[in-house]
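Thank you for making time this morning. I would like to walk you through one protein with its ligand, and I will begin with a single pairing before stepping back to the wider picture.

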Amino acid sequence: MKQRKKLNSPTPPPPSRALPRRGGPRPRAAPASITALPGPVGGGERRHMGGRRRFRGGRKDAAGDGPSLPCPEEPMGPGSLSRSLLLRCRRAAAAALDAPRWHCRPLPARPLSAAARLRAPHPPGTGGGGRRKGAAGAGGRGEEEDEEEEEEEEDEAELEELLGPSPLALEPGAQRVAIVHPAVKWGPRKSPLTTAELQIAEAVALVDTLQNWTVLDKIIIPTKNPDKKFVFGKGNFQVLTEKIKKLPHLTAVFLNVQRVSSLTKKELEGAWGVKVFDRYTIVLHIFRCNARTKEAKLQIALAEIPLLRSNLKNEVSQRDQQRGGSRYIMGSGETFLETQNRILKERELKIRNALEKLRRKRSLLRTQRRKREFPMISVMGYTNCGKTTLIKALTGEAGLQPRDQLFATLDVTAHAGYLPSHMAVIYVDTIGFLTDLPHNLVESFSATLEEVAYTDLIVHVRDITHPETILQKATVLSVLKNLNLPSHLLDSIVEVHNKVDLIERYKPTEENALAISALHGHGLEELKQEIEKKILTATGKKILTIDVNLEGPQLSWLYKEATVQEVEVMPEDGTARVKVIISSSAFGRYKNLFPNSKIFMS
Ligand SMILES: Nc1nc2c(ncn2[C@@H]2O[C@H](COP(=O)(O)OP(=O)(O)OP(=O)(O)O)[C@@H](O)[C@H]2O)c(=O)[nH]1
Ligand SMILES: [Mg+2]
């Protein structure tokens, strides 16, 4: 019998020791986190290969053709995504340099402005701020870099101006709110997938998300058409006004409609004597409170523009009423409305330009990632369905903080994990969706969601315990459709039914849906296998077993060009059986180079 030695059994991702345990305490709120890379895939490879250099050469890590990990210095992009990439590089580099795994602690979150500092450490002896200048030597290159630096500083200053205090920001402090829900009882505006009670429950959840805001009362008032000026008919409006006026210490009314025009808002505020907020204002306020990165903040600033415009119209019509007709601003030839509109237009353009710049940086990162061929998986779904919890469970990343809160995640962040074949993948956490989110708001965040189009697979997480789970699914699918995603992405969505620990003996009725509990880790192995199957199809990668002659160059070629999973040495034959994940192109090249190799498909 042949004696076989299994030399290379890759280290699986670290156990989810950071996961909350069943019955354990709920994770507490914490600032947005950044990515940690689980331990290196090839802990065993390292032992087998012995030397550091050989390990590095062999650490292709799911890369078919691209350069191997550890990666070169990477230009920083916006937000956590870029930070996380940098961290992954650093961790991979640390791993390759034999750093013990327990040193790989997530770094604290950094603002984007720290990116430049992370990117280019000052070479010693180049003096003060003249880092790259010194390194580049005299002449053109240094000047060019000076210009670049100046430009960066200008960008920073402009960003700071754009992100200054918003005129629409709600005053901090406590709010005692009455939620008023206009219920459409019949007709085409009535949704068959929800009820007024459920919609009011969601409005309560939105208010509860805000610190120091409390719900004083919930009022459902029927209306035929919530788009009417006063939303309700005359009689109902009177009843409602009396009810509102009787509420003690009320500070605001949350009218649970997508948008109320600024004119209506003003009239309602006049009638009720308190502030009136609509869904747009409330969601925008939650976004403002939760935004961490400049990109998220810019997107919020962009979403504010239509509100500012509508306020402006209102203000101008009021001025006109008071003064009798619009006036030219002295000597400018422009009316007040024209001037203000121009200023708003300029502001919008500046925000869009700033977002575009961040986007360009991101597309650079995307190219780099592509080179490395990390398969990427977008985790999407309705807000609070458990996306972040699932990514935490799949990656074992302790830094991730799921929260029982709507819109806890506002930035697209990337997190590394491993599939059953030990293929390294990146999970992308995304902003959650909400029914009746005004189009403008979704549009403002589409730059972030654009990232999804470049991923290889979408996992759609659903909170299956939610009474509106079907409406939520419809909302998510409709937003996804409007994002202009490639059809292969939409056709291969993995649907996941989460929180099944809360339903006894749950079985999905939808074909191909997988039941899981992200919190307790149920069903995750099946999910990973499904993801792997789809990722292999989407990326054209194959898992193969190849017999190689140890005297020949095949093994080192495979270490360089594919991800080596396992090496079984048969010493008496001088051969080894090697399990690899390999891209189609690399496989084609291998067959050309080594036509006599014995290959087994897995
Ligand atoms: N019982 C149970 N609770 C879960 C499960 N998965 C997530 N949760 C809880 O659901 C809440 C929301 O979880 P998150 O992971 O923050 O949800 P999210 O989809 O990322 O939410 P947003 O980022 O706000 O859109 C948290 O309180 C989680 O603990 C699960 O499988 N079972
Ligand atoms: Mg989240």
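Let me start with one residue, Met376, whose bridge partner in β8 is Ile426. Before going further I should say that what you see is a predicted model, so please hear everything that follows with that in mind.

That pairing is part of a wider arrangement, since β6 and β8 run parallel and are joined by four bridges. Strand β6 also runs parallel to strand β9, which covers residues 457–463, and here five bridges join the two. Within this second pairing, Gly381 of the model stands opposite Val461 in β9.

Now, is strand β6 buried or exposed? Six of the six residues in this strand, which spans residues 376–381, are buried, and so β6 is largely enclosed by the rest of the structure. In a regular strand, side chains alternate between the two faces of the sheet. In β6, Met376, Ser378 and Met380 point one way while Ile377, Val379 and Gly381 point the other way, and all of them are buried.

Let me turn next to two residues with a backbone angle worth pausing on. His422, found in the loop between β7 (413–418) and β8 (424–429), has a phi near 75 degrees, which is a positive value in a residue other than glycine. Asn512 is not a glycine either, and its phi is positive at about 70 degrees; this residue lies in the loop between β10 (494–498) and β11 (514–515). As for their surroundings, His422 has 22 other C-beta atoms within 10 Å and is buried, whereas Asn512 has 9 other C-beta atoms within 10 Å and is exposed.

Which residues, then, come nearest to ligand 1? There are 25 residues around the ligand, and of these Gly386, Pro402, Asp404, Thr409 and Gly432 come nearest. Helix α13, made up of residues 387–395, gives the largest share of this shell, namely three residues. By character, the shell divides into eight nonpolar, eleven polar and six charged residues.

Finally, stepping back to the protein as a whole, we find 20 helices and 15 strands. Of its 602 residues, 40% count as buried. If we take the contacts with a separation of 6 or more, residues 24 or more positions apart account for 71% of them.

Technical notes
Residues are numbered from 1 along each chain as its sequence is written. Chains are lettered from A and ligands numbered from 1 in the order in which they are written. This is a predicted model: local features need pLDDT of at least 70, side-chain atom pairs count only at pLDDT 80 or more; totals for chains, interfaces and linings use all residues. A residue is near a molecule or strand if its C-beta atom, placed from the backbone, lies within 6 Å of it. Ala, Val, Leu, Ile, Met, Phe, Trp, Tyr, Cys and Pro count as nonpolar, Asp, Glu, Lys and Arg as charged, and the others, Gly among them, as polar. A residue is buried if 20 or more other C-beta atoms lie within 10 Å of its own, exposed if 12 or fewer, and partly exposed in between; C-beta atoms are placed from the backbone. Two residues are in contact if their C-beta atoms, placed from the backbone, lie within 7 Å. Two strands pair if DSSP finds at least two bridges between them.
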